[in-house]
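Me: I am new to this structure. Please show it, and then let me ask about it piece by piece.

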Amino acid sequence: MPSTLRRIAAAAAVLSVGAFAAGCGGGAIGADSEQDLNLQPIAAAGPDPFTKSTAESTATPTPAAPPGTGGRTPTPGTLSPSTVSGATPGLYGGTQSVASCDVEKQIRFLGGDQAKNRAFADAAGVDPGSVAGFLRGLTPVVLRVDTRVTNHGFRDGSATSFQSVLQAGTAVLVDDHGAPRVRCACGNPLKPANGHQGAWRDKGEPWPGFRGDRVVVVRPTTVVINNFIIVNITNNTWIERPRGDDGQHDRKRPDIHIDPTEPPVTEPPSPPASPSTSPPTSPSPSSSSSPSGSSPPPSPNCPTPTPTVTVTQTPTLRPQEPPARLPGSPSPTPSCPTATTTVTVSPSLPTPSPRAPSTPVLPPDTSAPSDLPSLPTGIPTNLPSGPNSDMFGSPSPESENV
């Protein structure tokens with residue numbers, strides 16, 4: 001009996017693992033795991049297409065020389081794509097004054113099936129009512145390098161997701177950041193490739209010349225691209241195509257002297273950040289309080305600063321005179337720090353009376369005639385006189401500031 005239970009538990013575990021793998025849509029995305037990769041030639045509809053093809057042409061253009069070294073046999077199951085900016089000249093191609101995709105036909109296909117329209121909008125990240133405007137804002141071009149993307153199919157009323165490599169020559173619609181957004185051969189919405197770094201299980205038939213180490217991943221730009229510089233696939237000349245245009249406003253660019261057969265300029269991988277070996281610098285107290293956040297270093301010839309004590313008395317009876325410099329003492333060096341200590345002292349001093357006499361008391365005048373009474377002691381003799389004088393000796397308004 002126990003052995004029977006063990007066999008049932010083992011079978012259930014196998015079934016659970018199989019169901020999990022099937023529900024992942026092509027393998028896990030871990031760094032060390034394998035993931036399915038759909039190889040899709042130019043005209044192949046691929047699994048679960050959204051619509052019929054809206055590509056105007058399935059002719060294979062002259063591709064750019066793919067990045068990578070020639071003559072090297074690729075390792076089976078490996079894929080090391082290079083990253084290229086969506087604004088790179090020559091990443092895309094086209095025929096002058098001819099659109100590679102019929103955008104209006106794509107709009108009619110999706111508009112006739114509300115379930116597909118909703119699934120398309122969900123995968124593309126737009127509102128279902130904005131699908132037509134979204135498509136009309138894209139630019140029809142063709143790929144000139146095998147490109148990995150996140151592809152979407154339509155199954156059971158909703159969108160599926162899987163990784164694909166689209167062959168050079170595939171007609172796509174790109175957005176104003178240079179990223180492929182629709183594959184015209186099947187109407188599938190596209191997004192940038194995921195960051196899987198492990199091995200791959202190739203699904204589909206590789207085309208002649210396919211190399212995993214020559215695949216590129218498009219990095220959308222952070223700014224809007226108003227004009228795409230593409231290669232005319234009929235004669236290898238340069239064209240400028242405005243974003244959202246179907247080719248009617250293409251303009252020749254003979255002033256561009258880049259070889260159109262050269263591979264697009266790829267971006268080198270970012271080097272890992274190395275830890276700094278320099279010791280951290282602590283900010284000085286003066287720098288943290290200065291308005292600019294930093295102060296100039298002191299001169300190397302500066303003497304050791306001597307603390308200067310400034311005493312502030314309350315109330316202040318007389319302005320404090322600056323201390324005189326001693327003979328022979330060095331003059332202060334510009335930009336040298338000084339140490340200043342401020343001490344506030346509040347002595348208990350009597351407050352002088354505002355009516356205190358400003359002149360000394362004079363003794364009685366002994367030269368006056370004897371028959372005149374002598375002045376009382378303590379009374380000032382310089383009393384004001386005249387018609388405008390104050391009887392009590394307070395100054396007139398005209399003389400109070402003299």
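Reply: Accessible areas here come from the Shrake-Rupley method with a 1.4 Å probe, and for residues only the protein chains shown count as cover. This is a predicted model, in which local features need pLDDT of at least 70 and side-chain atom pairs count only at pLDDT 80 or more, while totals for chains, interfaces and linings use all residues. Residues are numbered from 1 along each chain as its sequence is written, and side-chain values use heavy atoms, with hydrogens and water left out.

Me: What share of the accessible surface of the protein chain belongs to carbon and sulfur atoms?

Reply: The accessible surface of the protein chain totals about 25,200 Å². The share of carbon and sulfur atoms in that area is 58%.

Me: What percentage of the residues of the protein chain count as buried?

Reply: Buried means under 20% relative accessible area, exposed over 50%, and partly exposed in between (1.4 Å probe, protein chains only). The protein chain has 402 residues, and the portion that counts as buried is 30%.

Me: Which cysteines form a disulfide?

Reply: A disulfide is a pair of cysteine sulfur atoms within 2.5 Å. The structure holds one such link. Its sulfur atoms are 1.8 Å apart, and the partners are C101 and C184.

Me: How many residues apart in sequence are the parts that this pair ties together?

Reply: Helices (H or I, at least four residues) and strands (E, at least two) are DSSP runs, numbered from the N terminus. C101 lies in the loop between β3 (92–94) and α2 (103–111), and C184 in the loop between β8 (180–183) and β9 (188–192). The pair therefore ties together parts whose separation in sequence is 83 residues.

Me: Is C186 buried or exposed?

Reply: C186 is in no disulfide, and the nearest cysteine sulfur, that of C184, is 8.7 Å away. The relative accessibility of C186 is 0%, so this residue counts as buried.

Me: Which element gives the most to the largest nonpolar core?

Reply: A nonpolar core is a set of buried Ala, Val, Leu, Ile, Met, Phe, Trp, Tyr and Cys residues joined through side-chain atoms within 4.5 Å. The largest one has 19 residues, and F120, L135 and L173 have the most contacts inside it. At least two residues each come from α2, α3 (114–124), α4 (131–136) and β7 (171–174). With four residues, the element that gives the most is α3.
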